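Reader: Before I use the terms attached to this structure, I should like to see how they are justified. Please show me the model.

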Amino acid sequence: MDYQEFVNKLIEKYGEDRSKLIEMAFDIQEQYNYIPKELLKILCDRLKIFYAEAYSSISFFKDFRFQPKEKIKITVCNGTSCYFNGGKELYEELIQNLGEDYEIGFSYCYKCCAKYPVVVIEKETLLNANYQKVKEKIRSYNKN
Ligand code: FES
């Protein structure tokens, strides 16, 4: 959905009511995972407020981001041992259940084949990995 279209939806939902700016910001961040500057400018035009005023109000709250969040890299070993001992299923489970905040891929053998399946999250290696272990590990990244 393009920014103009999304602003139209916000106006439909909240009206051109500047007192609803924070509620709108929550909706924007839910949709895009951050507050895109161009979208906020379009919204400011519709609400007839200055961008700086809107930015200042929204940025007062720590929950909002004005830059896209970097994706956390999760790599599942695609070597023979890992692939045939749960790696393939784990990869599919990760793809199916984790959101777009993650960059999930395969890699070549990490040379610790007896500890299958092996998953690397950013630069940390997870041995005998399973979906639950991956979830616990990425929780620590999401706190940052
Ligand atoms: S096959 Fe996965 S570490 Fe070697």
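Author: The following exchange sets the terms used for this predicted model against their definitions.

Reader: How is the protein chain divided into domains, and how far apart are their centres?

Author: The domain assignment gives domain 1 (3–59) and domain 2 (72–142). The C-alpha centres of domain 1 and domain 2 lie 37 Å apart.

Reader: Why are H1 and H2 called oblique to each other?

Author: The axes of helix H1 (residues 3–14) and H2 cross at roughly 140° and come within 11 Å. Angles over 145 degrees count as roughly antiparallel, and those from 65 to 115 as roughly perpendicular. The crossing of roughly 140° falls in neither range, and H1 and H2 are therefore oblique to each other. The crossing of H1 with H2 is right-handed.

Reader: Which residues of H1 and H2 meet, and what classes do they belong to?

Author: From H1, Phe6, Leu10 and Tyr14 meet Glu23, Met24, Asp27 and Gln31 of H2. By class, this contact has 4 nonpolar, 1 polar and 2 charged residues. Tyr and Met are among the types that count as nonpolar, whereas Asp and Glu count as charged.

Reader: Why is glutamine 4 called partly exposed?

Author: Glutamine 4 is found in helix H1. A residue is exposed with 12 or fewer C-beta neighbours and buried with 20 or more. Glutamine 4 has 13 inside 10 Å, and therefore counts as partly exposed. The C-alpha atoms of glutamine 4 and leucine 43 are separated by 8.4 Å, although these residues are 39 residues apart along the chain.

Reader: What makes asparagine 33 partly exposed and lysine 48 exposed?

Author: Asparagine 33 has 15 other C-beta atoms within 10 Å, and is therefore partly exposed. Lysine 48 has 8 such neighbours, and is therefore exposed, as the cut-off for that term is 12 or fewer.

Reader: What is noted about phi in asparagine 33 and lysine 48, and where do these residues lie?

Author: Asparagine 33 is not a glycine, yet has a positive phi of about 70°. Asparagine 33 lies in the loop between helix H2 (21–32) and helix H3 (37–47). Lysine 48, also a residue other than glycine, has a positive phi near 55°, and lies in the loop between H3 and helix H4 (51–59).

Reader: Which peptide bond is cis, and what is its omega?

Author: The cis peptide bond joins tyrosine 116 and proline 117, with omega about -15°. Proline 117 is found in the loop between strand E2 (102–107) and strand E3 (119–121).

Methods: Residues numbered from 1 in each chain as written. Predicted model: local features only at pLDDT ≥ 70, side-chain atom pairs only at ≥ 80, totals over all residues. Domains from an automatic or database assignment. Helix = DSSP H or I, 4+ residues; strand = E, 2+ residues; numbered from the N terminus. Axes fitted to C-alpha atoms, helices over the stretch in contact; angles between N-to-C directions. Parallel < 35°, antiparallel > 145°, perpendicular 65-115°, else oblique. Left-handed = near helix turned anticlockwise from the far one by under 90°. Contact = placed C-beta atoms within 7 Å.
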